[in-house]
Amino acid sequence: MARRARPLSPAPGIVAALGVAVLILGALAAVFWRAETGIGLGPADWQAVRFTVLQAALSAGLSVVFALPVARALARRRFPGRAALIALMGAPFILPVIVAVLGLLAVFGRSGWISQGLGLVGLPPLRIYGLHGVVLAHVFFNLPLATRLILQGWQEIPAERFRLAAQLGAGPAAIWRLLEWPMLRRVAPGALAVIFAICLTSFAVALTLGGGPRATTVELAIYQAFRFDFDLGRAALLSVLQIALTGAAAALALRAAMGEGFGAGLDRAIRRWDAGGRGLKVQDWLAIGLAALFLLLPLAAITAEGVTGLSALPASVWRAALNSLLIAAGSTVILLLIALPMAVAVALVRHPGWVEGAGLLGMAVSPLVIGTGAFIVIYPFADPAALALPVTALVNALMALPFALRILVPQARAVIGDFGRLALSLNMGRLGFLRLVLWPRMRPQIGFAAGLAAALSMGDLGVIALFADQEVATLPLQIYRLMGAYRMEAAAGAALLLLALSVLVFWLFDRGGRRHAEA
């Protein structure tokens with residue numbers, strides 16, 4: 001039987017998926033090979049494991065606990081600016097970590113706004129470094145994610161359930177017991193496990209706010225084994241341990257959700273009859289206000305302090321900014337060359353699971369572990385520092401690939417499913433289908449994926465820290481160096497520059513994809 005005709009060929013996407021799998025699995029193979037040296041882990045390494053698990057558990061638990069009243073308030077209240085506030089919940093995802101850390105220091109640090117207020121009443125300043133600082137930063141990043149995940153669970157309860165509860169005279173306590181608590185038992189464990197897995201592989205937060213012997217994560221221990229001891233065997237062994245931790249966390253995240261949903265509804269707008277009491281209104285507005293304040297204050301602080309620091313920026317910051325822009329551009333190009341063919345292949349092949357699985361490898365494996373494998377492969381043949389920028393761009397593209405596929409695949413399937421047969425009946429060639437059909441209808445998704453990849457690459461402080469020497473730096477790495485030299489004013493100015501550039505590149509790509517998208 002002849003093969004089914006296709007408007008495009010899946011071959012480029014299959015090749016791209018194989019290339020991604022070879023790159024990531026090859027780096028992992030190098031790590032496993034180098035780890036087979038008989039080197040054991042010392043007490044400090046096991047302390048890093050304990051601290052990693054502890055901070056991830058605390059960060060995930062507090063993020064979910066604090067997100068519960070916020071998500072419940074957003075589910076019960078309708079007010080002007082609600083959509084903008086929910087959209088703000090996605091801002092920390094593209095916010096460079098080093099910028100957020102500086103903002104948190106400006107608010108919660110020893111000389112921050114809160115400590116200055118405490119000093120006025122004779123109280124000691126806050127201490128942000130160590131476990132509590134790492135947890136605070138992780139809650140700042142993951143509270144919005146937890147809120148969005150749990151709010152989605154509230155929105156999935158059919159409106160008919162709330163209407164029936166109101167007809168039966170159920171009050172807030174009964175609705176909590178009958179509707180909201182069963183939903184949370186299904187949704188909250190998954191959110192908890194996902195955030196736990198994210199916090200296990202956090203590097204920049206631990207590098208800037210932890211770092212002491214009692215506040216070192218496994219990722220940070222890998223970095224220290226490279227940069228300070230140049231012990232490749234120990235770093236590789238720690239990488240294997242990191243893979244085991246993240247793999248266990250990923251398996252936990254997949255199995256965490258329990259229970260079944262509430263079934264389908266009639267897609268009516270949800271009305272709540274259990275939210276009219278004054279006490280509930282005060283509780284909800286307090287939760288929304290505190291969450292907004294917690295998210296906005298660090299951004300306001302870095303903006304206020306960064307404006308004065310812009311005039312104190314050294315020339316090295318501008319060179320680092322240029323390097324960051326080059327890496328972001330290269331990472332975006334690499335991502336699109338990989339993600340677009342893979343999205344098309346997923347839409348065309350009969351069994352697309354392995355293609356998508358290859359793309360998800362970037363989420364399952366820490367970038368620092370991939371960087372470790374790349375360093376081990378490159379070191380015998382070339383100076384890794386000379387390849388710092390291209391390797392960083394490549395790894396950043398691999399890290400953004402899972403998100404890009406989630407954006408591109410649904411639209412690719414829809415376009416090929418809706419227009420593929422028509423294109424074949426018109427005898428439209430593959431190039432014509434790509435230029436006249438696929439590209440115009442996927443421009444918004446392509447622009448969004450490109451903007452997301454560029455913004456994430458701009459703010460990355462991971463692989464570049466392994467490869468870079470004193471002559472080469474990206475803007476996040478240069479900010480970290482300024483912080484280490486206690487040049488906080490210049491660091492704040494550089495952070496504001498990084499924030500502006502990250503938002504700019506995201507906006508340019510996203511806006512460029514949406515412009516004339518209807519053509």
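How many nonpolar, polar and charged residues does the lining of the second largest pocket have? In this predicted model, the lining of that pocket has twelve nonpolar, six polar and four charged residues.

The second largest pocket holds about 630 Å³ of space. Its lining comprises 22 residues, of which Leu105, Arg110, Ile128, Tyr129 and Met488 are the closest to the pocket centre. Two or more lining residues are contributed by each of the elements α5 (97-108), α13 (278-309), α20 (475-484) and α21 (488-514).

The loop between α20 and α21 contains tyrosine 486. Although tyrosine 486 is not a glycine, its phi is positive, at about 60 degrees. The relative accessibility of tyrosine 486 is 73%, so this residue counts as exposed, the cut-off for that class being over 50%.

Elsewhere, a nonpolar patch of about 410 Å² is found on the surface. Leu54, Leu58, Leu62, Val65 and Phe66 make up this patch. One of these residues, leucine 62, belongs to helix α2, which spans residues 43-76. Leucine 62 counts as partly exposed because its relative accessibility is 33%, a value that falls between the limits of under 20% for buried and over 50% for exposed residues.

Terms used
Residues are numbered from 1 along each chain as its sequence is written. This is a predicted model: local features need pLDDT of at least 70, side-chain atom pairs count only at pLDDT 80 or more; totals for chains, interfaces and linings use all residues. Side-chain values use heavy atoms; hydrogens and water are left out. Patches are made of residues with over 30% relative accessible area and no salt bridge: like charges are joined within 9 Å, nonpolar side chains (Val, Leu, Ile, Met, Phe, Trp, Tyr) within 5 Å. Accessible areas come from the Shrake-Rupley method with a 1.4 Å probe; for residues, only the protein chains shown count as cover. A salt bridge is a side-chain nitrogen of Lys or Arg within 4 Å of a carboxyl oxygen of Asp or Glu. Helices (H or I, at least four residues) and strands (E, at least two) are DSSP runs, numbered from the N terminus. Buried means under 20% relative accessible area, exposed over 50%, partly exposed in between (1.4 Å probe, protein chains only). On a 1 Å grid over the protein atoms alone, a cavity is a set of points where a 1.4 Å probe fits but cannot get out, and a pocket is an open set with protein on both sides within 12 Å along at least five of seven lines; lining residues have an atom within 4 Å of a point. Grid points are joined across faces, edges and corners, and a volume is the space filled by probe spheres set on the points. Ala, Val, Leu, Ile, Met, Phe, Trp, Tyr, Cys and Pro count as nonpolar, Asp, Glu, Lys and Arg as charged, and the others, Gly among them, as polar.
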